[in-house]
Every structure is written in structure tokens, then in C-alpha cells.
Amino acid sequence: MDSGEIKAWVDLQSHAEEIKDLHLAELFRLEADRFGEFSFSTESFLLDLSKQRITKETLGKLTALVEQQALGEWIEKLFTGEQINVSEGRSALHTALRLPIEETLRVNDRVITEDIHASLEKMALLVRQIQQAQWRGFDGRPIRSIVNIGVGGSNLGPLMACDALEQYTPAESKQLDIHFVSSMDGSELEKLLPLLEPATTLFIVASKTFSTIDTLANANTAREWLLKASGKSVDLINQHHFIAATGNIRAAQSWGVPEKNQLLFWDWVGGRYSLWSVIGLPIALKVGVENFRAILKGAHAMDRHFRETSFDKNLPVLLGLVGVWNINFLNIHAHTILPYDGRLSHLPSYLQQLEMESNGKSVNAKGERLNYRTCPVLWGEVGSNAQHAFYQLLHQGTELVMCDFITTAVRYEGEGEELQLQHQLSLANCLAQSRLLALGAESENDLGYQHYDGNQPSTTIMLDELTPETFGGLIALYEHKVFVQSVIWEINPFDQWGVEKGKKLASSLLPEFQSQVSGDLDSSTRGLIQRVQRQQAQYES
């Protein structure tokens, strides 16, 4: 896309110039029922855009942009399995992972939904075996601790879901402890292993390719720990203490995981979109298979909303559009995620990967350099903690920042008045902070350091309550928002060549630490490796 040649884009540039000096306080003064005009809802979600620096005309022009970019056609390509991941020649079918069993999807003459549900059923069988103490370790005792070894989406998604939905743990899962390990330096395993009983510990090795060096390094360490503790054979340890969630059966078998312990997913499942697949095994172990299926059901409901709802009432489309408006027309390039619910503490990290790995691109799907901005820098924290950390910058700093406030209307119902008052306190803080960011406040006694400019745009996403279904819908909402923006920016959100190149370069550098450093390295890398070699030599001598 040449942004200078797209009529809707040019119209938005002119419109932004016309309203750039309108303060949010003035917009609220001009429109008495601004909330009624700019809030949108589904059965369980409310999306409030009234604190965004937009007018009805803005939304109309933004809708014209997605229509000009043929978003409707791209949505159908996504859901029907066309190879929209053009650089890797793949479909992006994470939405198929949450299709109910009565719906079928055929791609390239194969009914992929049959494969999906067969894999999920095998996962459910393994979950039941573990919950019912039928899966036993090397000395015959039942498994009590599960350690998920993964990285990126194979770690962040399950970790986030297990933490968010812990209150839904069924009785049959309460005896299980779920842990997560991802760092390649071994520090997490070093802290965790002394706390575990080897004979009752099961490791899930979560890797689509089963070649990710971070994951395999931790898996090898875990296996050596088990071998040393048990004195048993490698084959027995692999059989009783390892499950592989992977897309590469041969590689997993070569490492030693027997096929009966393998759960399959496919190359059209991107890592950051994989929690809906058997990568979600730790989620199913934590909250039970039925609740895992409820997560899928909630995501599917958001899929249907995204696919079937007109753009002017479509939550993912609207969320994506206001992001493009802020980034490309108001020149706001920082975005913070602020959940006012401690159960969603891992959501900012999850969305960092989802958004920045997907849309952090400077070339379009054809490989051409872009002449406009794409994904902003994204970070966040639980709102009540962030208030005591970086809100000072939001309120009185020099940076323009767009904010997403995420909260629930109901919590602690039937659990006591004090807990409900705590929830109301959280809600009061959430609404007060977004109000102050938008409207600002005059300084008291003419003291400049007590003045708040306001005019910082924010979105509020309110769930009726946090359940497995609404959790699934929330994650799907953001997935589709990212897709909407990728269509507008004409980039491929399903590859991550920057990540892949970094991995390859790391592998090529590894031998340098064991020999004389190559002369063709840059002076910084060469000097740092030599420093490591000298320090290691001192410790060894």
C-alpha cells in the first residue's frame, strides 16, 4: 500500500489535521451521551471507545479504510484456510482449533476438524489418566507435579490461562501442581527441581518443531535429573515422565518420547496462537477438560462475532481501527495494557508477543519497505500495581500513550461483603484513572506540578465476569484485532523471520565459545566472547 494513494487513508490524514486540537474534555462537553455513542457490546463484553480521540466522522472514515482494504475478503480467507501466511506457504487456522465438533472444515481435500478433535480427545484421555492417578512414575507412585517446558507461545499462553482461571480448578485436579519453565539458561529449573519429587514428576515438552534449542536444553536437563535420581533406563524414564506436544512426530520420537505420549498439532498453528491446541494440555490439567472446552467455546463465539457482525458494531474491528487511528494519524506509538484484575497478570506479556511478533514488521507481505508506522511498543502491568510505577509518565510525562483498561463488572459474588468491596475499590481506581487520563485536571493553587493535561486516549474492555468462556473470548478478541491491523497495513502477521534469524545466529555463535574466536566477527561480539573465555579460564584454573 502506498499510503499517499489510498483515498480513505488520505481522507483520514485530512480529518486528523482538522480535529487534532480537540481535547477529549471538549469532546465530552460537545456530546452529552458520548458513552452511548461510542460503546459497543456483545453478550458478555463491553467495549467503551468514548475516551478515544474520535468522532462519528472518524469511525466512518476508518470503516471506509477497512472496506477499501477488503477486510471482509481477508476474514473469509482466514476462516476458510487459504494460505494467507504467504512467506511460509501456510494457512493460519487457529480459529479451526475452536470449532465445535458438529462443524466441519475441509482444507485441501482434508477434513481438518477430524484431526483436531482426535488430537483433543487423546489429550483428554491423558488428562483423565493423570487426574485419576493412573499415570505413574518410575517407582509406581502416581504423578503429582507437572512441569511444562516451552518458550514463547508454548509457555505464555498456558501460563496465563492457568493463572487466570485457577478458581475453576475441579476437585480431581487439586492434587496436581503445575509449573512452567522457559528460560534457556537453566535458572528456572535450578530453582524448581529441588522442590520436586522425581518419581512423581511429569514433564511436558511443548515445541512444534521439537528442535527449539531453549526447550530441548531444559528437557535434557530434566531427563538427566530423573536418570540420576532413579537409576532407571532412558527408555523407562521417557515412557513414564515425558509427554510431547509437537508438530514433529519423528523428532520427538528421535529424542525418546514414545508415540503414545505424543500430542499432535500442525504447522498451520503459530506458536502465539497455539494455546487452543494440545499446547493447552497444562490448562486442561489445571482447570479440567470441560473448562478447557469452555475456553474454546468462548473463543469460537468471538470468532463468529468477528466473521458475521458489520464493521461498525464489530468489537475486534473497532479495537483494531482505533489502534490504527492512534498510531498512523495521531502519532501515538506507545500502548499499555492495564488489567484491573490480578488474575490477568500475565495478559500484558502475552499480548506483547501476540502483537509485536505478529505486526512488528517494516515490510509488507510482498517484501516491500513500508512508508508508514505499524505495531507500537507495547507493555503493561496489573493496573493497581502500575499506578505505583509508570502512571506518573501517563499522567504528566511527555509521551503520548494509548491505554487499554480491562476489568470485570462482577467478582466475589456470594463470597462476602469485604471481598466485594475490594472489587469495587479496584473498579473505582480503574474508572478514575481512565477519567483523569482523558479529561485532565487543573492544578491546585496554580502549582504547575499539580496540573494534569489529560487527552491521553484509552479503551475500556469490561467483561461481565471472568469465566473460561469470557477468557477465551478476550484472547480471541485481541487475536482478531491484530489481524485487522495487519490487513490495513498489508503485512503478514503469521511469520516471525526476525525471531528465526536471531535463533540461527545464536546457533552459529555457539562454537565460538569453545575455540579461538573467528576473525570475521564484529569487534563487539568478538571482544565479549573473549571476555567470557578469559573469565571461564580463571574459574577453571
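Two strands count as paired when DSSP finds at least two bridges between them, and strands themselves (E, at least two residues), like helices (H or I, at least four), are DSSP runs numbered from the N terminus. By that criterion, strand E12 (residues 402-408) is joined to E13 by 6 bridges in the parallel sense, with Asp404 as the bridge partner of Thr459 in E13. The model is a predicted one, in which local features need pLDDT of at least 70 and side-chain atom pairs count only at pLDDT 80 or more, while totals for chains, interfaces and linings use all residues. Residues are numbered from 1 along each chain as its sequence is written, and side-chain values use heavy atoms, leaving out hydrogens and water.

Strand E2 (residues 45-48) also pairs with E13, here antiparallel and through 4 bridges; Leu47 lies opposite Ile461 of E13. Of the 6 residues in E13 (residues 458-463), 5 are buried (under 20% relative accessible area with a 1.4 Å probe, protein chains only), so the strand is largely enclosed by the rest of the structure.

A wider view brings in the whole sheet. It is open, with 6 strands in the order E1-E2-E13-E12-E10-E11 and mixed pairing. E1 (39-41) and E11 (377-380) are the edge strands, each pairing on one side only. From one strand to the next, the twist averages 15° (axes are lines fitted to C-alpha atoms, for helices over the stretch in contact, and angles run from 0 to 180 degrees between N-to-C directions).

E11 is held by 4 parallel bridges to strand E10 (residues 334-339), where His335 faces Leu378 of E11 as its opposite residue. Helix H19 (residues 468-489) packs on the sheet, with contacts (heavy atoms within 4.5 Å) to E2, E10, E12 and E13; the direction of H19 makes about 150° with that of E13.

How values were computed. Buried means under 20% relative accessible area, exposed over 50%, partly exposed in between (1.4 Å probe, protein chains only).
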